[in-house]
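Visitor: I am new to this structure and would like to know how its descriptive terms are justified. Could you take me through some of them?

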Amino acid sequence: MNLKLTDEELAFRDELRTFFTTEFPAEIREKVAAGRHLERDEVVRSQQILNAKGLAVPNWPVEWGGKDWTPVQRHIWLDEMQLASVPDPLPFNASMIGPVIAHFGSQELKERFLPATANLDIWWCQGFSEPEAGSDLASLKTRAVRDGDDYIVNGQKTWTTLAQHADWIFCLVRTDPDAPKKQAGISMLLIDMNTPGLTVRPIKLVDGSYEVNEVFFENVRVPAENLVGEENAGWSYAKFLLGNERTGIARVGATKVRLARAKQFAAQTRTGSGTLLDDPLFAARLAEIENELLTLELTQLRVVAGSADGKPNPASSLLKLRGSELQQAVTELLTDVAGPDSLPVGAEGIDSPEWAQHTAPTYLNYRKVSIYGGSSEVQRSIIASSILGL
């Protein structure tokens with residue numbers, strides 16, 4: 001298969017590369033490249049810059065701000081963004097609830113939410129997982145009971161990422177507890193985070209950050225007009241949403257940037273008569289990751305080139321699985337390059353480089369990538385059944 005870009009695709013790539021590297025705020029790109037935390041207003045500003053250029057939601061229908069791009073063009077857009085360390089558009093908005101509303105929402109919901117969602121005037125969070133409904137999402141217990149023109153919602157969601165910043169939450173709720181199949185009694189509601197009875201409680205993570213939350217609903221009254229599509233059809237919308245969530249999840253470009261930084265800092269780290277790059281064991285480890293990343297990149301291009309019919313490709317599970325492993329491998333590599341300097345995180349008065357202090361928290365945080373978007377165990381099952389026919 002010929003994986004070379006056409007002249008038109010090369011011109012498209014160069015135009016995006018120029019914009020991302022010369023017109024996007026350098027201070028934000030530098031923070032992303034260094035693995036530093038972006039504040040809420042920086043995330044909003046980033047997406048609004050992309051949206052003004054028409055680059056925030058290319059996967060949406062054209063009438064709502066999308067682009068009539070080929071799968072290869074979408075791949076180039078995402079890859080060049082990551083290579084330039086431009087923050088991805090907020091996935092809850094751009095890849096999750098936006099496409100769902102665009103495809104299944106009423107005209108009123110589209111007009112009310114889609115422009116604000118694309119421009120991040122509304123920050124969304126995802127209310128799917130519950131304490132006893134994670135991988136087995138269809139077992140969710142949060143109830144929504146119709147009461148006139150409203151639904152009354154009671155229950156709990158957990159691992160709700162960035163709910164502390166969110167204006168709205170899109171929730172899967174059980175509207176028919178007596179449905180013959182548990183998947184058949186689920187609906188999707190859009191809920192204002194400021195609604196009385198809704199409480200957000202942060203969960204402290206292993207790296208010391210507050211990225212995820214618990215969300216509690218006590219008699220939360222939600223207008224029935226905030227129902228997405230049809231009642232009890234939420235499971236179909238959730239599957240559609242999760243398919244979009246896994247798009248580009250291998251993050252080859254972002255891993256390339258981290259690997260380049262690892263080589264840069266290793267070249268500055270003295271060991272004996274040379275640098276860490278001269279150490280044969282380290283050099284072999286680095287070469288192995290580089291080769292694996294190149295293999296992943298070529299596999300991703302093959303999958304993208306073969307996805308013109310728009311049908312799901314089970315090979316995307318290979319990308320997710322190996323992409324997660326390489327993201328974790330590179331964060332571990334950076335932490336090892338930093339050595340003892342990775343330990344005094346946030347400490348004052350200690351002569352430890354700033355880049356080194358970010359490596360340990362990032363390494364710990366990236367344990368999550370082999371879980372979200374479909375755990376590695378789930379991906380192996382898909383590979384076994386759909387690719388290997390086992």
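Visitor: What makes the contact between the side chains of R112 and E225 a salt bridge?

Guide: A salt bridge is a side-chain nitrogen of Lys or Arg within 4 Å of a carboxyl oxygen of Asp or Glu, and because the side chains of R112 and E225 meet at 3.8 Å, N to O, the pair fits that definition. R112 lies in helix α6 (residues 107–118) and E225 in the loop between β7 (212–223) and α7 (234–245), so the pair ties together parts 113 residues apart in sequence; here helices (H or I, at least four residues) and strands (E, at least two) are DSSP runs, numbered from the N terminus.

Visitor: What should I keep in mind about the model and its numbering?

Guide: This is a predicted model, in which local features need pLDDT of at least 70 and side-chain atom pairs count only at pLDDT 80 or more, while totals for chains, interfaces and linings use all residues. Residues are numbered from 1 along each chain as its sequence is written, and side-chain values use heavy atoms, with hydrogens and water left out.

Visitor: Why is D150 called buried, and why is R221 called partly exposed?

Guide: Buried means under 20% relative accessible area, exposed over 50%, and partly exposed in between (1.4 Å probe, protein chains only). D150 has 18% relative accessibility and therefore counts as buried, whereas R221, at 39%, is partly exposed.

Visitor: How do you know that R221 and D150 form a salt bridge?

Guide: Their side chains meet at 3.2 Å, N to O, and so satisfy the definition.
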